[in-house]
Amino acid sequence: MGAQHDSVREREIRAEQKHLDQVYERLEEKIHEAEFLMDDASKRAQVGTPGALAERDAQVFRAGLHLNRLNSEFEDFLFGRIDLLEGKDGVRGPDGAYTSVDPAEGAVHGDGTADIAETLHIGRLGVLDADYSPLVIDWRAPAAGPFYRATPVAPGRVVRRRVVRSKGRQVLGVEDDLLRPELKASLDGAELPVVGDGALMAALGRARSHSMRDIVASIQAEQDMVIRAPAASVTEVEGGPGTGKTAVALHRAAYLLYQDRRRYSGGILIVSPTPLLVSYTEGVLPSLGEEGQVAIRALGSLAEGAEATTYDEQRVARVKGSARMQKVLRKAARGALETGLRAPVPERLRLVAFGARVELEAAELRAVRQQVLGGTAPVNLMRPRARKLLLDALWEKTGARRHYPDAELAAEARQGFDGEISTEDDFLAFLDDWWPELSPREVLGAMGDEQRLARWSRRVLRPGEARDLARSLRARLTPEGQGPLSVHDVALLDELRLLLGTPARPKKREADVLDQLTGLDELTTYADREGRRRDRADRLAEERTEYAHVIVDEAQDLTPMQWRMVGRRGRHATWTIVGDPAQSSWSDPDEAGEARDEALGKRPRRRFELTVNYRNPAELATLADRVLALAMPGAEPPRAVRSTGIEPRFAVAEGELGEAVRQEAARLLEEVEGTVGVVVAMSRRQEAAGWLAGLGDRVVALGSLEAKGLEYDATLVASPAEIADESPAGLRVLYVALTRATQRLTVLSAGPDIPDATGVPDLLRD
Ligand SMILES: Nc1ncnc2c1ncn2[C@@H]1O[C@H](COP(=O)(O)OP(=O)(O)OP(=O)(O)O)[C@@H](O)[C@H]1O
């Protein structure tokens with residue numbers, strides 16, 4: 001039976017190889033065509049006739065795309081196949097495939113036999129043969145839907161689903177799922193063979209590296225519903241750890257671009273909690289053939305120019321993230337004008353005008369300032385009005401108006417007066433000191449002064465909170481606001497930018513016509529393209545302040561102030577929001593919920609739930625579920641899809657914690673092929689890196705908040721009690737730490753964990 005099975009497998013691999021050869025032959029033809037078209041197009045671009053751009057549009061675009069993606073050295077260009085019964089209405093779509101999801105009336109014969117009427121191959125992009133029948137269907141096309149959606153309960157027309165594994169041009173293996181096992185199906189007159197036992201398990205068991213892989217070959221039905229959900233509104237997705245929320249969000253970005261490239265030329269923003277998660281996930285979209293239009297940014301890098309990676313103590317983070325900061329910042333932006341940040345605020349204005357001295361006293365100046373600040377415009381943009389009202393007051397003071405009974409003459413004289421004064425150095429210097437153009441950093445720096453901040457935050461923050469906030473700002477920033485920002489400072493800076501107003505920016509560089517053709521600039525080496533991809537992505541992020549679609553990953557962790565910052569970037573956007581309340585490290589979910597509602601406005605929402613944990617084996621998930629029960633009583637954990645038979649290990653640090661961590665990490669490195677993550681309390685983040693020195697780059701140390709979204713073959717969680725005690729949301733943070741491993745988990749206890757005789761810490765006991 002085994003030998004026979006092997007020969008079936010080999011025969012099936014040969015059959016898929018034949019198809020793949022055909023695909024590559026066709027692709028080579030397309031490359032030649034594309035090169036010819038590109039060449040021709042660039043000649044026409046040099047001639048520069050007005051119609052040139054329009055002429056070469058569609059076909060060159062497509063050819064360039066093929067070329068670009070083909071050169072991307074895909075490991076598995078073609079990865080799937082479905083064998084289908086005839087479609088119900090016999091109608092075929094533009095790609096040549098039947099459009100109906102349901103089988104035709106007579107597709108299954110009375111004796112339970114059926115013929116395969118259609119075979120579709122699914123790949124990273126669509127390829128048509130010379131007579132326009134599909135050789136490969138793009139995974140995002142409607143015809144590919146059944147590859148992901150069909151289940152044995154609702155198979156539709158799908159009889160057999162096959163995952164084809166290939167490397168370069170060589171087919172390595174096939175794995176089949178039979179969705180209608182009750183049928184005796186035949187293909188070209190022979191019985192339909194079935195090989196292997198499922199691609200999903202094979203994919204899940206593979207060792208992990210420091211970058212995430214795409215899941216195109218094994219997207220599951222509940223995930224596919226999210227990926228292909230219509231984009232007209234807000235798509236909200238909740239699911240426990242490992243349910244594929246991040247993977248789904250990334251695949252959705254690729255799907256949306258495929259669906260409506262024109263609309264999403266406005267850019268897709270993916271907001272990620274940490275730079276670690278950004279670098280872990282940023283390879284997925286290029287592997288799906290999508291690059292330029294998507295910017296993945298960490299929360300600490302969302303405001304222009306910021307690159308924050310440091311975290312505040314929880315106590316301070318709670319204040320900085322709170323919606324109450326809006327009021328404080330508003331007061332600070334206005335109050336900073338009166339504090340003389342750069343030079344003492346002048347108390348009076350004295351000038352000589354029309355041959356006489358004119359003067360405005362402190363009280364008069366204050367009245368002008370109050371009048372201007374009564375408006376709602378950003379503070380820096382009020383400067384012209386302040387200037388105008390000063391001139392009004394000065395003009396009144398000269399008494400000159402009375403000398404000109406004729407209105408026309410008076411207006412002329414006034415114009416002369418304004419012209420004279422407003423170019424005078426003394427007046428300009430006064431204005432700079434009295435109404436300086438403030439930068440967000442300057443105001444943030446000014447908030448480091450305890451007395452000032454106490455004034456600006458009166459009746460909004462408690463005195464202790466204001467003190468903590470001022471101290472935290474002063475510890476990192478100079479009084480001018482220079483110095484490293486914390487992740488939570490960035491949202492404050494962004495809010496200040498809004499309150500202060502940005503001076504007009506220089507005009508954007510004209511977009512390069514060749515860039516728009518996605519491909520003309522791609523007739524280059526891979527390394528070249530990588531460099532350019534980064535340049536382009538950077539440029540995109542610099543230039544865009546608003547996006548057409550915003551995807552928020554780990555949405556449960558955004559503070560109210562961060563929701564405001566993200567919301568500003570998607571005022572006219574559609575949204576996809578993925579998260580898990582049970583993993584939230586924010587202490588006041590209600591306040592964050594309100595800010596989220598405000599960011600999303602009245603857009604209709606579509607909700608989805610993901611229920612299957614693809615990451616953790618059941619043995620590890622069961623342990624994590626105990627913490628979930630404490631962190632969120634009554635919450636339903638996701639169902640772990642596989643089991644390894646390997647239970648978590650419990651160890652106790654008898655001596656120094658660092659030494660024990662090192663030993664246990666070394667042990668895990670022996671046991672797994674891929675990566676090991678060592679999760680410690682945030683306060684131990686620095687020293688933990690030192691503990692692991694010399695163990696190689698397969699192992700990394702992480703503060704508990706940095707572990708968000710990441711995964712490792714094995715995880716070592718050092719002192720659960722320390723992690724849980726670090727903040728009011730500590731148990732949820734511990735739940736995150738315990739759900740990072742794909743194979744093995746070691747829990748290392750120290751004194752505060754109160755381990756029992758078998759080393760199980762108090763928090764994890766049954
Ligand atoms: N359909 C699938 N096929 C293969 N692998 C999958 C599938 N869905 C998810 N995975 C894998 O499961 C792991 C968890 O996915 P992901 O990180 O997207 O989950 P998550 O819900 O974002 O988790 P967390 O909430 O813990 O951050 C990843 O390794 C991902 O590749």
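A crossing of two helices is called left-handed if the near helix is turned anticlockwise from the far one by less than a right angle. In this predicted model, H18 passes H21 with just that hand, in a left-handed crossing. H18 covers residues 487–500 and H21 covers residues 560–568, and their axes come within 9 Å and cross at roughly 50 degrees. That angle makes H18 oblique to H21. On the H18 side, the contact is made by Ala491, Leu492, Asp494 and Glu495, and H21 brings in Met561, Gln562, Arg564 and Met565. Sorted by character, the residues of this contact come out as four nonpolar, one polar and three charged.

Turning to the annotated site, an unreviewed UniProt entry places a "binding site" feature at Gly239, Gly240, Pro241, Gly242, Thr243, Gly244, Lys245 and Thr246. Two of these residues can be looked at in more detail. Pro241 sits in the loop between strand S10 (234–239) and helix H6 (245–259), and Thr243 is found in the loop between S10 and H6 as well.

Pro241 has 24 other C-beta atoms within 10 Å, so it counts as buried, the cut-off being 20 or more. Thr243 is buried too, with 26 other C-beta atoms within 10 Å. Leaving aside residues up to four places away in sequence, Pro241 touches Asp580, Gln583, Asn613, Arg615, Asn616 and Thr739. With the same sequence neighbours left out, Thr243 touches Leu610, Thr611, Val612, Asn613, Tyr614 and Pro638. Asn613 thus turns up in both sets of contacts.

Methods:
Residues are numbered from 1 along each chain as its sequence is written. This is a predicted model: local features need pLDDT of at least 70, side-chain atom pairs count only at pLDDT 80 or more; totals for chains, interfaces and linings use all residues. Axes are lines fitted to C-alpha atoms, for helices over the stretch in contact, and angles run from 0 to 180 degrees between N-to-C directions. Helices (H or I, at least four residues) and strands (E, at least two) are DSSP runs, numbered from the N terminus. Angles under 35 degrees count as roughly parallel, over 145 as roughly antiparallel, 65 to 115 as roughly perpendicular and the rest as oblique. Two residues are in contact if their C-beta atoms, placed from the backbone, lie within 7 Å. Ala, Val, Leu, Ile, Met, Phe, Trp, Tyr, Cys and Pro count as nonpolar, Asp, Glu, Lys and Arg as charged, and the others, Gly among them, as polar. UniProt positions are given in the numbering used here, feature names are shortened, and annotations may be inferred rather than shown by experiment. A residue is buried if 20 or more other C-beta atoms lie within 10 Å of its own, exposed if 12 or fewer, and partly exposed in between; C-beta atoms are placed from the backbone.
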